[in-house]
Amino acid sequence: MSHDNPHDWWQRADLCYQDQQLYFSGHKVKQLAQQFGSPSFVYSASRIKANLERIRQALNNAGLGRRSTIYYAMKANRFAPLLRFLKQSGLCGIDACSPNEVRHAISCGFLPSEISFTATSLSQKDFSELARYDGLFMDCDSLHAIRCWGEMKPGSEIGIRINPAIGISRSCNEKLKYAGCGTTKFGIYYEQFEQALALAEQYDLIVRKIHFHTGCGYLSSELQQLDHVFTECMKFVNIAPDITRINIGGGLGVPHLADDQPLDLEQWSAVLHKHFAQGDMHIEVEPGDYICKDAGILLLNKTYIEQKRDTLFVGVDAGFNIAPEPAYYGLPFQPVPLLQDDTPLTAMTVVGNINEALDVWYVNAMLPSNLQQHDYLALINAGAYSSSMASNHCMRGEFNEFLLD
Ligand SMILES: Cc1ncc(COP(=O)(O)O)c(C=O)c1O
């Protein structure tokens, strides 16, 4: 593995150049591209498992070994082979957010009792479908949800999603925050929490869990903020008498740029230890990004290279609609050549094939000046919130998906 080039910051044991060829999960990527064609999402099961095991280890290190559960947020990537692999791993349950997600998770082998359900703006039709799954655990995110669930399942145990009015996100990116940047729709605020508890009591609902998810993509530099979020959330836990579980949401991020300091799970574990090691609360965590994002690459065919004014554009044969995070959230997906040699690097802007101004994959990527001779590019970090958020915009929504060992 060679890191001589600072632009290769993303290299790691299972995603790196060997003899000038890019390898991913033990496969030569050029061969994958030739076999699978473009656009193709390729996921690594072993990387997914390693990511999960790292979180499990961190929970154990926080003193929560037997008092913690990981729920995979399937909104990040619902590719059926991937979900079946997760089920077989035995390492996690599922965080689902719609009746169709629940149905899909069950079709991939998960039991309703292995699913934690947290959603927003649910309809009567949603509630009545969800009520059919015995064992499914419902987190109510509004007074409306408590009322509807209470009418359907009086006497059952529920969670309440709360909004602590502070949030967390990668580099303070406001678009990735679910709390703390103005008033959001997510969860019940402190000033309405007593009312929520009283409403639950009215329906004999037992509030067993406090749930919060306040933002996405946090790295080591945001861990102090996570500490503050936990402190605020404990104010809710402390006034709800029957709580036995706390769900701290997802939000654990992976680096997108050379300057990003990866999330140090030892430090993360220390924050959890500080707040939860004492006592007997069961801690749930429901990451999506951290489990799948860096376990996926997107293989794209280069279509053209052309200088326009001050910019050298590289076109590829798929656009933001099949992996919207760079365009929607400003989260760049580093483009990576499949072949590495000593050719000098030049700044190029990688763009897709959609007629929208936001269809830009990466501005000023440093790519080999002989890129004309390359057929493909790989975009890294395409394992989460990519295929699962894809649309058929411009009728260019087709792609392939593969799960490697
Ligand atoms: C309630 C809830 N839990 C978990 C997640 C997963 O977040 P991430 O993929 O950032 O870990 C989300 C993401 O939107 C969410 O809304």
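This tour proceeds from the whole chain to individual residues.

**The whole protein**

The model is predicted: local features require pLDDT of at least 70 and side-chain atom pairs count only at pLDDT 80 or more, while totals for chains, interfaces and linings use all residues. Residues are numbered from 1 along each chain as its sequence is written.

Begin with the cartoon of the full protein, which comprises 11 helices and 20 strands; helices (H or I, at least four residues) and strands (E, at least two) are DSSP runs, numbered from the N terminus. The radius of gyration is 22 Å, close to the 22 Å that the globule rule gives for 405 residues, so the protein is as compact as a globular protein of that length. That radius is taken over C-alpha atoms, and the rule is 2.2 Å times the number of residues to the power 0.38. Along the principal axes, the C-alpha trace spans about 70 × 40 × 40 Å.

Colouring by burial comes next: buried residues make up 45% of the 405 residues. A residue is buried if 20 or more other C-beta atoms, placed from the backbone, lie within 10 Å of its own, exposed if 12 or fewer, and partly exposed in between. Of the contacts between residues at least 6 apart in sequence, 72% join residues at least 24 apart, a contact being two C-beta atoms, placed from the backbone, within 7 Å.

**The ligand shell**

Select the ligand and the 15 residues around it, of which A73, C216, G250, G288 and D289 come nearest; a residue is near if its C-beta atom, placed from the backbone, lies within 6 Å. The shell divides into six nonpolar, six polar and three charged residues. Here Ala, Val, Leu, Ile, Met, Phe, Trp, Tyr, Cys and Pro count as nonpolar, Asp, Glu, Lys and Arg as charged, and the others, Gly among them, as polar.

**Helix α9**

Select residues 265–276, the 12 residues of helix α9, which reaches 16 Å from its first C-alpha to its last, close to the 16 Å expected at 1.5 Å a residue. The expected span is 1.5 Å times one less than the number of residues. Within α9, show the side chains of W268, S269, L272, H275 and F276, which are buried. These residues cover an arc of only 130° around the axis and therefore lie on the same side of α9; the arc is that of the directions from the helix axis to the C-beta atoms. Add α2 (45–64), α8 (223–237) and β13 (282–285), which are among the elements covering the buried residues of α9.

**Backbone exceptions**

Most residues other than glycine have a negative phi, and most peptide bonds are trans. Go to S38 and P39, which are joined by a cis peptide bond with omega about -5°. P39 lies in the loop between α1 (29–36) and β4 (40–44).

Q20, in the loop between β1 (15–18) and β2 (21–24), has a positive phi near 75°. Q20 is exposed, with 11 other C-beta atoms within 10 Å. Move on to R309, in the loop between β14 (296–308) and β15 (311–316), where phi is positive and near 50°. R309 is also exposed, with 5 other C-beta atoms within 10 Å.

**Two pairs across the chain**

Finally, select D8, in the segment before β1, together with V336: the two are 328 residues apart in sequence and 8.5 Å apart, C-alpha to C-alpha. D8 counts as partly exposed, with 17 C-beta neighbours inside 10 Å. For the other pair, select R103 in helix α4 (residues 99–107) and K209, whose C-alpha atoms are separated by 23 Å.
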